[in-house]
Amino acid sequence: MDAVHSPTAMLISNFVFPNDLHVHWSMMIVLYPYITGLVDGAFIIAALYYLFDVKSLKPVARFSLLFALAFLCCATLPLLLHLGRPERNFNMLLTPSPSSAMAGFGYIYAVSMGVLVFIVLFVYRPDLVELRATSKGWLQLLYRALTFDSIDLSKKALALDRKIIRFLVGIGIPIAVVLHGYVGFIFGGVKANPTWSTPLMPVIFLFSACVSGISAIILAYIVIRKVKGRSIDHACIKTCIKTLTLFFILAFTFEMLEVFSHSYLKSGYHHMVEGLLNGPLASSFWLWQVKICSVIPLFILGVMAMVTIKNYIYNFTAAVVSAILLLQVLIMRWNVVIGGQLMSKSARGYTQFHPEWFDKEGILAVIIVMTIPFIILFVLSKIFPFWAADSETNVK
Amino acid sequence: MDLSYRKRLFILLLSICLLAGGGLLFKKLLVPKSFGVYGPYRADAIAEAALVPVRHGTNNSCFKCHPYEAKIHKKGLHQTISCESCHGTYADHVAEGKKIGTLPVKKEKEITTLCLKCHNTEIKARSEEVIKTVAMPNHLKDQKVKLTHNCNQCHHVHAPLKYIIRAKQITGLMEAGS
Amino acid sequence: MKRRSFIKKVLNGTIAGSLYLVWPMGGEGIQIPEQIPGIMGKEYDILNQEFAFIVDVTRCIGCGSCCVADKREYNVPDGNYRTWVERYVKGFSDKIYVDSPNGGLDGYQHPRKDIDEKIRDTFFVPKLCNMCKEAPCVQVCPVGATFKSPDGFILVDEKRCVGCAYCLQACPYSARFLHPDKKVAQKCTWCYQRVRKGLLPACVQVCPTKARKFGSMKDETSEVYKILKGPGVLTVLKKEMGTFPALYYKGARREVI
């Protein structure tokens, strides 16, 4: 991984097109696929339980639905902050251009939001009916609305609920895939940018989305349970980690495949991409994304899969690995979105990106945007209890 | 209300459909009128683009009020140069047929700088067929003038060879009228 | 009749009304010779037009007049460029050195001092919107704010643009920018408002060496028609992008990107 490459040096004269000096898609566009990725991954966990009957995921199934909902609520936030004219955002719904990949966003988002909300309502209906009986005033009114003003918990009604849930989760999977695969396609469809324009882009985005979402659920589950002093379901963590391992292997393989095919085919803009990864992105790609945040977790996951470890160590490692992978996906988004723009379309030079603190797309705004889903999650926890039949499970 | 659970869900489904339908209707109302006349865009935007104010005139716009300069400029080698390139935009000078501002006239060293923007031999990318270039200060030395001379002390800015031809005619190096 | 309705149409818009008075300047009855024949004072059939732009690299002297005119015509904010001029320097080692300080706005007063090797070839390349027939920016615009008009111009509807910058990413030529105050995408329009009045684009008009040529392809006497009809080699930029530009280059070396 030498920084000096003679064929690259042949091309580079450090000329950046005058309009390319500024990076137009900055941190908010890094955050947006990150957030939808978290939604996607969390939804996959719920789908595994509700559609594919992976029973061991029961403890986190409902939580992951709420987690997905909380983040989906904020998925548009980074986009609105990014738009030059956010007040015109409804133009996307009013006059979506049939030729544009981006135009679908409003509709895809609205449908996925609707589906997710109704999955949550049907999953929680028995609890909500119970809570309705015990609550008073405004809260009772809210629960009445959320249960469609019905207290019917008969076997027939519950069987119908289950059918509806299966149906909604069933259509929810393609919708979630479209919601996030589409984000990958937004980048993959830009032919002017050689680092982006690959059909692998949506695939990489999807798998890394699953990685980030599942990691987030594992980490959140362990942290919240620890903080509340409750027990951690080991079987559940184990299933989650196995799923995570599968998705991470796929994600990392495709990420590396893209780099590998670029450097093997050596066609067209390869030298530019090579120069980018070994130059401006040398530390954020090779060191952070690949070495620290991919190779190390891959090794740890391998050990977890092959060696028998004590439960509490396993859980601890699970939390650590999840945290690293959450970072991996974030860095990967950064390297794709911002890294891809560092390369001028002159194919002769690289520009620089300097994040600002107080800009509307600055670091502070990023922190605020990432905090809001947790506030929503907290509010949701007051309405929808996270853990199923919590009173029965063993209190530590 | 005493409705079965099934019926409630049916009403729910119906209201979602109604909401979606209402949304689509609302969308129809909010789409700009000229949208879609020629394609998926607002056709009025073409008219708006055609009505953007024009700021540059043509040399003829300038010649109308500046006949003296026009006479020289039209005859000289600099006739292809736009007045506005050196003096500024027509719209900054005239509006609705009235003078609204004074355009700058370059002086002394500014003139030399301006000339060398095009006539500098050091920039090799300039084809001899297109432009005559000179090296400074060699050109001043060759012509045996002071090194402090500005270009316009020998060359008329609007017709660079005007004085030079005249001088040659006077000294008899050139026939008058050629 | 047609002429009267045209004038009436123009006078309806307040800006355009004042324009019409200004532009024949100096009083009644004085017309400026039209620069693009067949447009001034005639009804404009938007469905039956085709224009072409030719940049002759061999004639460009890098004076920057076009860039200055463009900036003045549109008050282009600093650091953004509707058009710019690049300087290419090719060494004997085949190494290419390109620069475009301030987009060529200040012209090229000095040669590059940072090149050690002997120079084989050097030339200027003016850049502007390519007016692609298959424009990626039009394809990706989610709200139909960037569009191709029936007469072949790629324009931006500033009233509908949401400022997402997707078109900036999609343009292979980086001809677009986001206006820092209006927060909408902007780009070279080949001076659509001038063309509609029968005037040449500002950059073409000020070019002292006729390195920039513009004209109607429907007019068989126009220079661009003759050049495009003739046997001379013309190229377009980034042909492999499949954008089919209406902007052609004459004498552009293959290193020009």
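This passage describes a nonpolar core, a contact between chains and a strand sheet in a predicted model. Local features were considered only at pLDDT of at least 70 and side-chain atom pairs at pLDDT 80 or more, whereas totals for chains, interfaces and linings use all residues. Residues are numbered from 1 along each chain as its sequence is written, and chains are lettered from A in the order in which they are written.

The largest nonpolar core (buried Ala, Val, Leu, Ile, Met, Phe, Trp, Tyr and Cys residues joined through C-beta atoms within 7 Å) holds 208 residues, of which A:Ile45, A:Ala46, A:Ala68, A:Ile217 and A:Ile218 touch the most other members. Helix H2 (residues 27-50) of chain A gives the most to this core, with 19 residues; helices, of at least four residues, and strands, of at least two, are DSSP runs numbered from the N terminus. Beyond its neighbours within four places in sequence, A:Ile218 is in contact (C-beta atoms, placed from the backbone, within 7 Å) with residues including A:Ile237, A:Leu244 and A:Ser322.

Between chains A and B, the contact takes 10 residues from chain A and nine residues from chain B.

In chain C, four strands form an open sheet of mixed pairing in the order E9-E1-E11-E10, where pairing requires at least two DSSP bridges. Strand E1 (residues 51-56) pairs with strand E11 (residues 247-250) in the parallel sense over four bridges, with C:Ile54 opposite C:Tyr248, and with E9(C) in the antiparallel sense over five bridges, with C:Ala52 opposite C:Gly215. Five of the five residues of E9(C) are buried (20 or more other C-beta atoms within 10 Å of their own), so this strand is largely enclosed by the rest of the structure.

How values were computed: Buried ≥ 20, exposed ≤ 12 C-beta atoms within 10 Å, placed from the backbone. Contact = placed C-beta atoms within 7 Å.
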